[in-house]
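Here are a few exercises to work through with the model open beside you. Try each task on your own before reading its solution.

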Amino acid sequence: MAAEATTDTAGAAAPLKTPLHSRHVALGARMVPFAGYDMPVQYPSGILTEHNWTREKAGLFDVSHMGQCFLIGPDHETTAKALEALIPADIVNLAPGKQRYSQLLNEEGGILDDLMVTRSIDPDEDGALYVVVNAACKDTDYPHIEARLPSNVKLVRAEHRGLIALQGPGAAAALAAIAPEAAEMGFMTSRTMKVAGIKANVSRSGYTGEDGYEISAAADRIGEIWDTLLLDGNVKPIGLGARDSLRLEAGLCLYGHDIDTTTSPIEAALNWSIQKRRREEGGFPGAARVQRELAEGVSRIRVGLKPEGRAPAREGTEIATPEGEVIGVVTSGGFGPTLNGPCAMGYVAKAHSAPGTQLNLIVRGKPLPAVVATMPFVPNGYKR
């Protein structure tokens, strides 16, 4: 199993542990509860060092808490159409070996979760889609999806697998040393290969804004890949703290904060993730709202924000006009180590969303000047 649960003396379920848990403890990580798991928030070097290391070299993340599953049907078109009935992305036309980002929507067009969908490059696996959902949502996502699948498409939970992410400008060289095929991959592509002699599914993707890979392998073998990668002097383990500051600088949404059931993909500025055919044809939950918002615009939208000075604006901070009218709220915020200054994202009234718009963030009761900024805050390093 990818994770094991224990029961404490009071009878309550203790946090789940990923297959790499003992390695984090041995490395001196500070462990915290996250999405039901005991996860490393940082290692002894600290969040700032880990953040900068990932931007400059290669960071290794344990993301085995994420929900990995497969949708399996008789052929690609059948499975793809079954998934398209739940998400707004074009999966029917997803090429073999390609990956796509999308959202699981409710009937009102609100976001139940965001996810990654991959079509196998192997012709023998035609009809199978690999899906990764968020750790905190998987226990509700799986039954939601299963209840809406046709009888000839099944959801198979991949709890026997672990998942790690190798991110940063040095990721390609580090992985190619133990999996030469990885060097040839393009951004948002996937293939099966041997990594340190172990069969793994590898995608060139991630959640930091940097070039990198996500590697899925059997839970009882993922530790060997982790250990082998850490033999490379350019690779260091990275915790959840730096993962959050990296994705914030990259302008990437965190489910439950920047997107949730109250936000649509259009309000969240995720229009790019809905391909033309789906925009025109609809056929997914909340399509009427999404199509209306695409045609007529939205009343509020997610934007980037750069506060003046050094003080960060945290989640929940009110956003106001210079005249004092509250027009929105910060959904993620902190200090950007690479940016060397604070950054945030949040929702504002559309009329105040243009880059360069002057606003105030109400921090501890005082207006802190800020400007609407384009995202990402730090240029991305994806391998196009």
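**Exercise 1. Work out how covered helix H7 is, and what covers it.**

Start by finding the helix: H7 runs over residues 240-249. Keep in mind that this is a predicted model.

Next, go through its residues with the cut-off in hand: a residue is buried when its relative accessible area is under 20%. In H7, 9 of the 10 residues pass that test, so the helix is mostly covered. The buried set is Leu 240, Gly 241, Ala 242, Arg 243, Ser 245, Leu 246, Arg 247, Leu 248 and Glu 249.

Now look at what these residues pack against. Two neighbours are strands S1 (30-34) and S2 (37-42), followed along the chain by helix H2 (47-56) and strand S3 (58-62). Strands S16 (326-336) and S17 (341-349) are partners too.

Last, step just past the end of H7: Gly 251 has a positive phi of about 70° there.

**Exercise 2. Find the cavity and say what lines it.**

The structure has 1 cavity of 30 Å³ or more. The largest cavity holds about 40 Å³ of space.

Its lining is made of Met 39, Pro 40, Phe 61, Asp 62, Ile 238, Gly 239, Leu 240 and Arg 243. Sort that lining by element, and S2, S3 and H7 turn out to give two or more residues each. Sort the lining by class instead and you get 5 nonpolar, 1 polar and 2 charged residues.

**Exercise 3. Describe the second largest pocket, from its size to its lining.**

Size goes at the top: the volume is about 320 Å³. There are 21 lining residues, and the closest to the pocket's centre are Phe 70, Ser 120, Glu 125, Thr 192 and Asn 201.

Then ask which strands build the lining. S4 (67-72), S6 (111-119), S7 (128-133), S10 (190-195), S11 (198-203) and S12 (212-218) each put in at least two residues. As for chemistry, the lining splits into 9 nonpolar, 6 polar and 6 charged residues.

**Exercise 4. Track down some unusual backbone geometry, at Ala 35, Ala 196 and Pro 376.**

A rule of thumb to begin with: most residues other than glycine have a negative phi, and most peptide bonds are trans.

Take Ala 35, in the loop between S1 and S2. Its phi is positive, about 50°, even though it isn't a glycine. With 31% relative accessibility, Ala 35 counts as partly exposed.

Move on to Ala 196, in the loop between S10 and S11. Here phi is near 55°, again positive in a residue other than glycine. Ala 196 is partly exposed, with a relative accessible area of 31%.

Finish with the segment after strand S19 (366-373), where Pro 376 sits. Met 375 and Pro 376 are joined by a cis peptide bond, with omega at about 5°.

**Exercise 5. Decide where to trust the model, and place the annotated domain.**

The chain averages a pLDDT of 96, and 97% of the residues score at least 70. The exception to watch is residues 5-9, where pLDDT is below 50. Beyond near neighbours in sequence, that stretch has 7 contacts in the model. Where pLDDT is low, the predicted coordinates should not be read in detail.

For the domain, an unreviewed UniProt entry places "GCVT N-terminal" at residues 20-276. That span is 23% helix and 30% strand, and its end C-alpha atoms lie 41 Å apart.

How values were computed:
Residues numbered from 1 in each chain as written. Predicted model: local features only at pLDDT ≥ 70, side-chain atom pairs only at ≥ 80, totals over all residues. Heavy atoms only, no water. pLDDT = per-residue confidence, 0-100. Contact = heavy atoms within 4.5 Å. UniProt positions renumbered as here; feature names shortened; annotations may be inferred. Helix = DSSP H or I, 4+ residues; strand = E, 2+ residues; numbered from the N terminus. Buried < 20%, exposed > 50% of the residue type's maximum accessible area, 1.4 Å probe, protein only. 1 Å grid on protein atoms, 1.4 Å probe; cavity = no way out; pocket = protein on both sides within 12 Å on 5 of 7 lines; lining within 4 Å. Points joined across faces, edges and corners; volume = space filled by probe spheres on them. Nonpolar A, V, L, I, M, F, W, Y, C, P; charged D, E, K, R; others polar.
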